[in-house]
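Visitor: Please show me the model, and then take my questions about it one by one.

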Amino acid sequence: MHWSFLLQTLPLFLSCVRSQTSSSKRGLVYVPNAKHPHDDSIWVSDSSDLTWYYNYGSTPSPVFDNSTKLQFVPMLWGSSTTFLDDVTSQIKKGANITYVLTFNEPDGGGSTGGSAIPADTAAETWQREVEPLKKLGVKLGAPAVTGAPSGFTWLESFFTACNGNCSVDFIPVHWYGNFEGLASHIGQVRGTYKNKTIWVTEYADNHVSLKESQSFYNSSSQYFDRLDYVTHYSYFGSFRSSVSNVGPNAAMLTEKGDLTDIGSWYLGGTATGKTPHGAAGRSVVFAGSAMMVLFTCISSLL
């Protein structure tokens, strides 16, 4: 066997071994796609190890009604007068609601999905629609601000407006950028809110190469799983690469609806070799003995 062949296949083998991991911390941020209903079933397949999901709304997605794998986490996206009623109604009907999320990127604008709600309005809404859930044993997530400096400023203003009347149990984090920036941001959040656990409810390295996207995914998932104070995380990529607003290489599905390497890894599987549309092709040769190396790697992990 030639050394050049070993050098070609070793990175593939190591990638396979390194990337197939399972974690009870992993969840799903997902809005069902009426155009591609088949995509819905991917996330609740027998091989998926996802344990929870949210859909930016206060009521669960009907497509997951029969799933016993995913626990629904309601979200108060913006200003609302019905959130408390929506959640308490589900609890009374026997739903397992133990956490809620609040205010999606309130410091961000509508063009990027932010709820753009003033901190004082959010504090008033929280005390009316969210705080009463504490008595029902529900753990309450702080507003999910952006990863920009404005996020820290907005959150500080929110807690000031709450005047001690907002009982936050955990801090959600959003991050788009490289791993070094993510780790730094997590450290800053932890340093600011020392006694709170962290949920990373949106994250990806956006608009980068396939190699960079995969490296970011591997580094970040291993990092989250090591930190005991990061209790939940949900990768932002549960859509087809052709409609991804964070770049095709960050998506967990190809333009045809197949799991990408990142998508399969996130569900606890091995690399699929499916390249998302618009990404550069792989340099590894899948032929002859090289294919056997990959097959052996996958088989050993099943």
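Visitor: In which loop is S244 found?
Guide: In this predicted model, S244 counts as buried, with a relative accessible area of 14%. Leaving aside residues up to four places away in sequence, S244 touches F239 and A251. Its place in the chain is the loop between strand 9 and helix 8.

Visitor: Which backbone nitrogen does the side chain of S244 reach?
Guide: The side chain belongs to a residue that is buried at 14% relative accessible area. The separation is 3.2 Å, and the nitrogen that the side chain of S244 reaches is that of V246.

Visitor: How far apart are the closest N and O atoms in the salt bridge of R240 and D39?
Guide: R240 lies in the loop between strand 9 (230-233) and helix 8 (261-266), whereas D39 lies in helix 2 (residues 38-42), so the pair ties together parts that are 201 residues apart in sequence. R240 counts as buried at 10% relative accessibility, and D39 is buried as well, with a relative accessible area of 3%. The side chains meet in a salt bridge with an N to O distance of 2.9 Å.

Visitor: How many salt bridges does the structure hold?
Guide: Side chains of opposite charge can pair when their charged atoms come close. One of the salt bridges here joins R128 and E129, at 2.9 Å from N to O; R128 is partly exposed, with a relative accessible area of 36%, while E129 is buried at 5%. The number of salt bridges in the structure is four.

Visitor: How many residues apart in sequence are the parts that D225 and R26 tie together?
Guide: D225 forms a salt bridge with R26, and the closest N and O atoms are 4.0 Å apart. D225 lies in helix 7 and R26 in the loop between helix 1 (3-19) and strand 1, so the salt bridge ties together parts whose separation in sequence, in residues, is 199.

Visitor: Is R26 buried or exposed?
Guide: Its partner D225 counts as partly exposed, at 30% relative accessibility. For R26 the relative accessibility is 0%, and with the cut-off for burial set at under 20%, R26 counts as buried.

Visitor: What distance does helix 7 reach from its first C-alpha to its last?
Guide: Helix 7 covers residues 210-226, which is 17 residues, and at 1.5 Å a residue the expected span is 24 Å. Its buried residues include L210, Q214, Y217, S221 and F224. The reach in the model is close to the expected span, at 25 Å.

Visitor: Which strands are the edge strands of the open sheet?
Guide: Strands of a sheet pair through backbone hydrogen bonds, either parallel or antiparallel. The open sheet has three strands in the order 1-2-3, with parallel pairing. Those that pair on one side only are strand 1 (27-29) and strand 3 (71-72).

Visitor: Which residue in strand 3 is the bridge partner of Y53?
Guide: Strand 2, which runs over residues 52-54, pairs with strand 3 in the parallel sense, and the pairing comprises two bridges. In strand 3, the partner of Y53 is F72.

Visitor: What separation do the C-alpha atoms of G57 and M75 have?
Guide: G57 has its place in the loop between strand 2 and strand 3, and it is partly exposed, with a relative accessible area of 21%. Not counting residues up to four places away in sequence, G57 touches F72, P74 and M75. Although G57 and M75 are 18 residues apart along the chain, their C-alpha atoms are separated by 5.1 Å.

Visitor: How far from a polar atom of the side chain of S67 does the backbone nitrogen of K69 lie?
Guide: S67 is found in the loop between strand 2 and strand 3. S67 is buried, with a relative accessible area of 18%. From a polar atom of its side chain, the backbone nitrogen of K69 lies 3.1 Å.

Visitor: What share of the residues of the protein count as buried?
Guide: The protein has nine helices and nine strands, and its accessible surface comes to about 14000 Å², with 55% belonging to carbon and sulfur atoms. Of the 302 residues, the share that count as buried is 50%.

Conventions. Residues numbered from 1 in each chain as written. Predicted model: local features only at pLDDT ≥ 70, side-chain atom pairs only at ≥ 80, totals over all residues. Heavy atoms only, no water. Helix = DSSP H or I, 4+ residues; strand = E, 2+ residues; numbered from the N terminus. Buried < 20%, exposed > 50% of the residue type's maximum accessible area, 1.4 Å probe, protein only. Areas by Shrake-Rupley, 256 points an atom, 1.4 Å probe, with all protein chains shown as cover. Pairing = 2+ DSSP bridges. Expected span 1.5 Å × (residues − 1). Polar contact = N/O pair within 3.5 Å; in protein donor to acceptor, adjacent residues only side chain to side chain. Contact = heavy atoms within 4.5 Å.
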